[in-house]
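Hi there,

Here is the structure I said I'd pass on. Have it open while you read, and I'll walk you through what turned up.

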Amino acid sequence: MTSSSVVDKPPVRRVAIFGGTHGNELSGVFLVKHWQEHGAEIQRTGMEVKPFLTNPRAVKKCTRYIDCDMNRVFDPDNLGRTVVEDIPYEVRRAQEINQIFGPKGSDDAYDLIFDLHNTTSNMGGTLILENSRDDFTIQMFHYIKNAVAPERCPVLLIEHPSLKYATTRSVAKHPVGVEVGPQPQGVVRADTLDKMRKIVKHGLDFVQLFNEGKEFPPCTIEVFKIMEKVDYPRNKNDEVTAIIHPKLQDQDWQPLNNGDPLFLTLDGEVIAYKGDCTVYPTFINEAAYYEKKQAFVKTVKMKLTAKHIRSSS
């Protein structure tokens with residue numbers, strides 16, 4: 001490997017850890033509150049690490065949100081809305097977060113944000129990637145996956161031409177979603193919290209090594225790229241008429257082939273998957289997604305390769 005093939009990246013000096021973007025996803029809420037009082041665990045030499053509770057009103061009520069989903073409103077229209085009396089709470093809060101940690105897309109934005117989430121789906125400790133060309137974040141995910149092995153750490157790539165998420169973490173130059181489950185809403189489980197805690201620890205360790213001058217040679221990771229959201233079967237009144245089939249339930253990241261069962265009606269009718277290629281469903285039967293008309297997400301497997309990187313400092 002010659003020095004000319006190394007890509008210099010700016011050091012990562014400002015890092016935030018968000019909890020409570022959804023107020024009833026309690027692993028991140030508990031961790032952020034703990035780190036606000038006892039921050040030594042997350043501090044690393046050469047950088048500032050700020051734990052931050054993003055949606056305090058929803059956290060206080062232990063509900064997903066007050067007026068609207070905060071994890072979908074970090075788009076130019078909402079961030080630029082005039083603040084009037086009836087503006088949704090989460091939009092006003094998004095503007096405040098953008099002022100503190102952004103502005104989004106600017107040189108002044110935070111370098112890295114870990115946004116901590118729980119899911120009721122059987123997704124394990126999942127990392128969420130927003131940009132397939134982000135060499136730094138892909139290198140970090142490679143490091144984290146190796147650090148937690150042999151435990152699985154799937155990577156979900158949410159880059160898609162028509163599915164726009166406008167996530168809370170997208171304020172940062174390098175947004176990182178941490179999605180750990182299964183865990184019920186409004187509940188905290190020690191094993192789930194520990195899994196999340198370890199992912200953050202290894203991520204921070206990577207940043208410190210990078211800032212200190214360690215070079216990371218080219219690496220390749222497997223990711224699951226989002227392709228389509230699939231709704232439940234519904235009747236003319238828009239009511240759900242079939243539920244997730246037992247053979248699909250809890251099978252996040254497992255291959256789904258043409259003819260495999262998807263849904264089951266209460267009359268016992270099986271509705272099968274019709275597709276010309278193998279897909280890998282995830283967010284299966286996620287409780288928070290009933291309102292979004294989403295039974296699961298179809299993904300396909302692919303490989304991403306990151307360049308050889310080092311800090312430019």
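Let's begin with a sheet: three strands in the order 9-10-11 make an open sheet with antiparallel pairing. Before going on, you should know that this is a predicted model, where local features need pLDDT of at least 70, side-chain atom pairs count only at pLDDT 80 or more, and totals for chains, interfaces and linings use all residues. Residues are numbered from 1 along each chain as its sequence is written, and side-chain values use heavy atoms, with hydrogens and water left out.

A few words on terms. Helices (H or I, at least four residues) and strands (E, at least two) are DSSP runs, numbered from the N terminus. Two strands pair if DSSP finds at least two bridges between them.

Back to that three-stranded sheet. Its edge strands are strand 9 (242–244) and strand 11 (270–272), and each of them pairs on one side only. From one strand to the next, the twist averages 35°; angles like this run from 0 to 180 degrees between N-to-C directions, with axes as lines fitted to C-alpha atoms (for helices, over the stretch in contact). Strand 9 and strand 10 (residues 261–265) run antiparallel and are joined by three bridges. If you want one pair to look at, try Ile243, whose bridge partner in strand 10 is Leu264.

There's also an open sheet of eight strands, with mixed pairing and the order 3-2-4-7-5-6-8-12. Which strands stand at its edges? They are strand 3 (48–53) and strand 12 (296–306); each has a single partner strand, so one side of each is left without a neighbour in the sheet. Here the twist averages 25° from one strand to the next. Strand 12 pairs with strand 8 (residues 219–230) in the antiparallel sense, over eleven bridges. Within that pairing, Ile221 stands opposite Leu304 in strand 12.

Two helices are worth finding next. Helix 6 (residues 190–211) packs on the sheet and touches strand 2, strand 3, strand 4, strand 5 (124–129) and strand 7 (174–181), where contact means heavy atoms within 4.5 Å. The direction of helix 6 makes about 170° with that of strand 4. Helix 4 (residues 89–101) lies across strand 2 (14–19), strand 3 and strand 4 (112–118), and runs at about 170° to strand 3.

Now for the empty spaces. They come from a 1 Å grid over the protein atoms alone: a cavity is a set of points where a 1.4 Å probe fits but cannot get out, a pocket is an open set with protein on both sides within 12 Å along at least five of seven lines, and lining residues have an atom within 4 Å of a point. Grid points are joined across faces, edges and corners, and a volume is the space filled by probe spheres set on the points.

The largest pocket has a volume of about 270 Å³. How many residues line it? There are 24, and Asn71, Arg72, Tyr165, Phe283 and Tyr289 lie nearest its centre. Strand 4 and strand 8 are the elements that give two or more residues to this lining. By class, the lining has nine nonpolar, six polar and nine charged residues (Ala, Val, Leu, Ile, Met, Phe, Trp, Tyr, Cys and Pro count as nonpolar, Asp, Glu, Lys and Arg as charged, and the others, Gly among them, as polar).

The UniProt record (an unreviewed entry) has a "binding site" annotation on Asn71, Arg72, Tyr165, Ala166, Thr167, Thr168 and Arg169. These residues are spread over 99 residues of sequence, yet they cluster in space, with a largest C-alpha distance of 10.5 Å. Of them, Asn71, Arg72, Tyr165, Thr167 and Arg169 are in the lining of the largest pocket. Tyr165 sits in the loop between strand 6 (155–157) and strand 7. UniProt positions are in the numbering used here, feature names are shortened, and annotations may be inferred rather than shown by experiment.

As for cavities, the count comes to one of 30 Å³ or more. The residues that line the largest cavity include Asn24, Glu25, Asn118 and Glu286.

Finally, some backbone oddities to click on:

- Gly102 and Pro103 are joined by a cis peptide bond, with omega about 0°; Pro103 is in the loop between helix 4 and strand 4.
- The bond from Gly181 to Pro182 is cis too, with omega near 10°.
- Cys62 has a positive phi of about 50°, although it is not a glycine.

Cheers
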